[in-house]
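Reader: I would like a close look at a single part of this model. Please pick one strand and follow its pairings outward, then set it in the whole chain.

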Amino acid sequence: MGVINGNCTCAKVEFEVLDEFLYAGYCHCSLCRKSSGASGVAIGGIAKQKFTILKGDNYLQQFSRSAETVTCFCSHCGSTLYGEKPNVGLIHIRYGALNSCPTLLPQAHMHVASKADWYQILDDLPQFSEFPPR
Ligand SMILES: [Zn+2]
Ligand SMILES: [Zn+2]
């Protein structure tokens, strides 16, 4: 399995992650929408130990957005890079921060019940009102 590199907009923070994502999808929840300023985010879940910060640890900031999720972002340029799920030892990498295409493509749309009314889903992937079934 390969390694995928990623970085924030200003490139002060760089990371690498093994191309071994467990699941991937588009999240339309209001928290992902607000933190990205977009319709939502494409994320891939992976065990935390398969992820490494290569550079810019001192620029990484954390924001506890909910009881389950800590959003990690660059304090210089504001790019949100990943969310930590400390209770389960997983992180959700934002696919937009990656520099090449992971093997596992997004498989579904999640939290469609809170999707922005101005955004239309135009593909045929399965849609779940909240989390997909495990
Ligand atoms: Zn940055
Ligand atoms: Zn979300």
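Author: A definition comes first. Helices and strands here are DSSP runs, of at least four residues for a helix and at least two for a strand, numbered from the N terminus. The model is predicted.

With that in hand, the chain reads β-β-β-α-β-β-β-β-β-β-β along the sequence. That comes to one helix and ten strands. The radius of gyration is 14 Å, close to the 14 Å that the globule rule gives for 134 residues, so the chain is as compact as a globular protein of that length. The C-alpha trace spans about 35 × 30 × 30 Å along its principal axes. Buried residues make up 31% of the 134 residues. Take the contacts with a separation of 6 or more: 54% of them link residues 24 or more positions apart.

Now the part itself. I choose strand β3, residues 23–27. Is β3 covered or open? It is mostly covered, with four of its five residues buried. The cut-off for that word is 20 or more other C-beta atoms within 10 Å.

β3 has strand β4, residues 41–47, as a partner. The two run antiparallel, and five bridges join them. One bridge can be named: C27 of β3 pairs with V41 in β4. β3 also pairs with strand β10, residues 109–110. Here the sense is parallel, and two bridges make the link. Y26 has H109 of β10 as its bridge partner.

These pairings belong to an open sheet of seven strands. Its order is β6-β7-β8-β9-β4-β3-β10, and the pairing is mixed. β6 (60–64) and β10 stand at the edges with a single partner strand each, so one side of each has no neighbour in the sheet. In a regular strand, side chains alternate between the two faces of the sheet.

Step outward from β3 through β4. The next strand in the order is β9, which covers residues 90–94. β4 and β9 pair in the antiparallel sense over five bridges. Among the residues involved, G45 of β4 has H92 of β9 as its bridge partner.

Go further along the order and β7 and β6 come up. The loop between β6 and β7 (70–74) holds A67. A67 has 7 other C-beta atoms within 10 Å, so it is exposed. Its C-alpha atom is separated from that of A116 by 23 Å, and the two residues are 49 apart along the chain.

Back to the β10 side. The segment after β10 holds D123. D123 has 8 C-beta neighbours inside 10 Å, and therefore counts as exposed. The C-alpha atoms of D123 and A108 are separated by 9.7 Å. Those two residues are 15 apart along the chain.

A second sheet completes the picture. Three strands form it, in the order β1-β2-β5. This sheet is open, and its pairing is antiparallel. The edge strands are β1 (3–7) and β5 (51–55), each pairing on one side only. Neighbouring strands in this sheet are turned by 25° against each other on average, direction ignored. Strand β2, residues 14–18, pairs with β5 over four bridges. One of the residue pairs is E16 with T52 of β5.

In short, β3 is mostly covered. It is joined to β4 by five antiparallel bridges and to β10 by two parallel ones.

Key
Residues are numbered from 1 along each chain as its sequence is written. Chains are lettered from A and ligands numbered from 1 in the order in which they are written. This is a predicted model: local features need pLDDT of at least 70, side-chain atom pairs count only at pLDDT 80 or more; totals for chains, interfaces and linings use all residues. The radius of gyration is taken over C-alpha atoms; the globule rule is 2.2 Å times the number of residues to the power 0.38. A residue is buried if 20 or more other C-beta atoms lie within 10 Å of its own, exposed if 12 or fewer, and partly exposed in between; C-beta atoms are placed from the backbone. Two residues are in contact if their C-beta atoms, placed from the backbone, lie within 7 Å. Two strands pair if DSSP finds at least two bridges between them. Axes are lines fitted to C-alpha atoms, for helices over the stretch in contact, and angles run from 0 to 180 degrees between N-to-C directions.
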